[in-house]
Amino acid sequence: MTDPERTADRGRGTGVWPLIRAQRAALAADLADLTDEQWTTPSLCAGLTVREVLAHLTAGASLGAVRWLAGVIRCGFDFDKQVAMRLAEQLGTTPAETLERFRHAVPSTTKPPLPAIALLGETIVHAEDIRRPLGIRHDYPIEVVTQVAEYYRGTDLVVVAKGRIGGLELVADDGPFTTGSGKLVSGPTLALVMAMTGRATCCDDLEGDGVELLRSRCGTA
């Protein structure tokens, strides 16, 4: 007879979870030697420092469906309030503690009621929210970023992406990703993902007659 718990455990090691863990670990390594001043750098998420975005990632890796629902109810179904509350829970008292909490969450398969691919997207997008302002470059496997792009092109769950790219043709110049029809937006797959999820500054890495329209649709991330 099959043990359901063991089957579930094996399931956690398949699909996108190894990709999520790898990207979390890479981010933790990149942040190991930040100065206190660097931790206060504004991220690409409006109003949040790089340290706060990292705490947000930790929260996402520590919040199961039951706690997520309990928090939503506690916050009166104000989802932004819930996000802020969970971020504060994981921030810690020092940058070192913030980083240590994130390191502890690297292998976690705990998640809110979202598909695992959504967590992979959140991990990559928020990692760039942190890395880009700090001038840290990370080379993502193109097949991984392509998976994320394919996910975002068809969803407005958590973050508006599908709705942001209506009437545009997106074409990656470093991989197989392409979607839509209309005014052209082309460039690196990662830049397309970041722009799809509202990061206007990443439009600087894109070309085509649809870039400015896409930029105009990028609000606060």
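A residue counts as buried when its relative accessible area is under 20%. Keep that cut-off handy while you work through this predicted model.

**Exercise 1. Get your bearings: work out how much of the protein is buried and how its helices and strands are laid out.**

Solution. Start with the cut-off: of the 221 residues, 45% count as buried. Next, tally the elements, and you get 11 helices and three strands. Now read along the sequence; the pattern is α-α-α-α-α-α-α-α-α-β-β-β-α-α. Last, look at the contacts with a separation of 6 or more: 61% of them are accounted for by residues 24 or more positions apart.

**Exercise 2. Put the strands of the sheet in order and explain which ones stand at the edges.**

Solution. Step one is the order: the three strands form an open sheet that runs β2-β1-β3, with mixed pairing. Step two is to count neighbours. β2 (178-179) and β3 (183-187) each have a single partner strand, so one side of each has no neighbour in the sheet, and these two are the edges. Step three is to zoom in on one pair. β1 (residues 168-172) pairs with β3 in the parallel sense, over five bridges. For one of the residues, Leu-168, the bridge partner in β3 is Lys-183. To finish, add the helix: α10 (residues 189-196) packs on the sheet and touches β1 and β3, its direction making about 145° with that of β1.

**Exercise 3. Decide whether α10 is mostly covered or mostly open, and find what covers it.**

Solution. Go through the helix with the same cut-off in hand. Eight of its eight residues are buried, so by the under 20% rule α10 is mostly covered. The run goes from Thr-189 and Leu-190 through Ala-191, Leu-192, Val-193 and Met-194 to Ala-195 and Met-196. Then ask what does the covering: the list includes α8, α9, β1, β3 and α11 (211-216). Just past the end of α10, Gly-198 takes a positive phi of about 100°.

**Exercise 4. Describe the second largest pocket and say which helix gives the most to its lining.**

Solution. First, the space: about 390 Å³. Second, the lining: 18 residues, of which Glu-128, Arg-137, His-138, Tyr-140 and Leu-190 are the closest to the centre. Third, sort the lining by type, and you find nine nonpolar, two polar and seven charged residues. Fourth, trace the lining back to the helices. α8 (116-134), α9 (142-152) and α10 each supply at least two residues. The most comes from α10, with four. One residue ties this back to Exercise 3: Leu-190 is among the buried residues of α10.

Conventions:
Residues numbered from 1 in each chain as written. Predicted model: local features only at pLDDT ≥ 70, side-chain atom pairs only at ≥ 80, totals over all residues. Heavy atoms only, no water. Pairing = 2+ DSSP bridges. Contact = heavy atoms within 4.5 Å. Axes fitted to C-alpha atoms, helices over the stretch in contact; angles between N-to-C directions. 1 Å grid on protein atoms, 1.4 Å probe; cavity = no way out; pocket = protein on both sides within 12 Å on 5 of 7 lines; lining within 4 Å. Points joined across faces, edges and corners; volume = space filled by probe spheres on them. Nonpolar A, V, L, I, M, F, W, Y, C, P; charged D, E, K, R; others polar. Buried < 20%, exposed > 50% of the residue type's maximum accessible area, 1.4 Å probe, protein only.
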